[in-house]
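Colleague: I am new to this structure and would like to go through it step by step. Please show it first, then I will ask.

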Amino acid sequence: MMSNPTYLCNIVVNEGFDKEDVLPKFKNVVNPLLCSDRVFQALLTAEDIDKHNQDEATQYIEFNRNQVTDD
C-alpha cells in the first residue's frame with residue numbers, strides 16, 4: 001500500500017472563528033501555539049488540504065517549505 005506524503009502546513013483561521021474550535025478538526029497538529037491567535041501548523045495530506053479548504057473556518061492553508069513523509 002502506498003502511503004500519502006504529508007506536508008507541514010500553516011493553517012490560518014478565518015476572522016470570526018476561534019482557533020480553539022478549529023484545532024480539533026485537524027488530527028496531526030504540530031504547533032498549535034504560533035505567534036498569532038489565528039495561525040497553527042499541522043501535517044496534512046493533499047486530501048486533508050482539499051477537505052479543510054472547503055471549511056469556512058479555514059481562511060487559507062499554505063505549505064511550509066519542508067516536506068515530511070511518513071514512509
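Modeller: One term first: two strands pair if DSSP finds at least two bridges between them. In that sense Leu 8 stands opposite Leu 43 in S3. Keep in mind that this is a predicted model.

Colleague: What pattern does the protein follow, read along the sequence?
Modeller: The secondary structure comes to 2 helices and 4 strands. Taken in sequence order, these elements give the pattern β-α-β-β-α-β.

Colleague: How many bridges join S1 to S3?
Modeller: S1 and S3 run antiparallel. Leu 8 and Leu 43 in S3 stand opposite each other. The number of bridges joining S1 to S3 is 6.

Colleague: Which residue in S3 stands opposite Val 29?
Modeller: Strand S2, residues 29-31, pairs with S3 in the antiparallel sense over 2 bridges. Val 29 is also on the list of residues in contact with Ala 42, which leaves out neighbours within four places in sequence. The residue opposite Val 29 is Ala 42.

Colleague: Is S3 largely enclosed or open?
Modeller: Buried means under 20% relative accessible area. By that cut-off 5 of the 6 residues of S3 are buried, so S3 is largely enclosed by the rest of the structure.

Colleague: Which elements give two or more residues to the largest nonpolar core?
Modeller: The largest nonpolar core has 12 residues, among them Cys 9, Ile 11, Val 13, Phe 40, Ala 42 and Leu 44. The elements that give two or more residues to this core are strand S1 (6-13) and strand S3 (39-44). In soluble globular proteins, nonpolar side chains tend to be buried together. The elements asked for are therefore S1 and S3.

Colleague: Why do the buried residues of H2 lie on the same side of H2?
Modeller: The buried residues of H2 are Asp 48, Ile 49 and His 52. They lie on the same side because the arc they cover around the axis is only 100°.

Colleague: Is His 52 buried or exposed, and what is its relative accessible area?
Modeller: His 52 lies in helix H2, residues 46-53. Leaving out residues up to four places away in sequence, His 52 touches Lys 25, Phe 26, Leu 44, Thr 58 and Ile 61. His 52 is buried, and its relative accessible area is 6%.

Colleague: How far apart are the C-alpha atoms of His 52 and Ile 11?
Modeller: Along the chain, His 52 and Ile 11 are 41 residues apart. In space their C-alpha atoms are separated by 9.3 Å.

Colleague: Which residue forms a salt bridge with Lys 25?
Modeller: The closest N and O atoms of the pair are 2.7 Å apart. The pair links distant parts of the chain, with Lys 25 in the loop between helix H1 (19-22) and S2, and its partner in the loop between H2 and strand S4 (58-68). Lys 25 is partly exposed at 40% relative accessibility, whereas the partner is buried at 19%. That partner is Asp 55.

Colleague: Which residue forms a salt bridge with Lys 27?
Modeller: Here the closest N and O atoms are 3.7 Å apart. Lys 27 sits in the loop between H1 and S2, and the partner is in helix H2, 21 residues apart. Lys 27 is exposed, with a relative accessible area of 67%, while the partner counts as buried at 10%. The partner is Asp 48.

How values were computed
Residues numbered from 1 in each chain as written. Predicted model: local features only at pLDDT ≥ 70, side-chain atom pairs only at ≥ 80, totals over all residues. Heavy atoms only, no water. Core = buried A, V, L, I, M, F, W, Y, C linked by side-chain atoms within 4.5 Å. Buried < 20%, exposed > 50% of the residue type's maximum accessible area, 1.4 Å probe, protein only. Contact = heavy atoms within 4.5 Å. Arc of directions from axis to C-beta. Salt bridge = Lys/Arg side-chain N within 4 Å of Asp/Glu carboxyl O.
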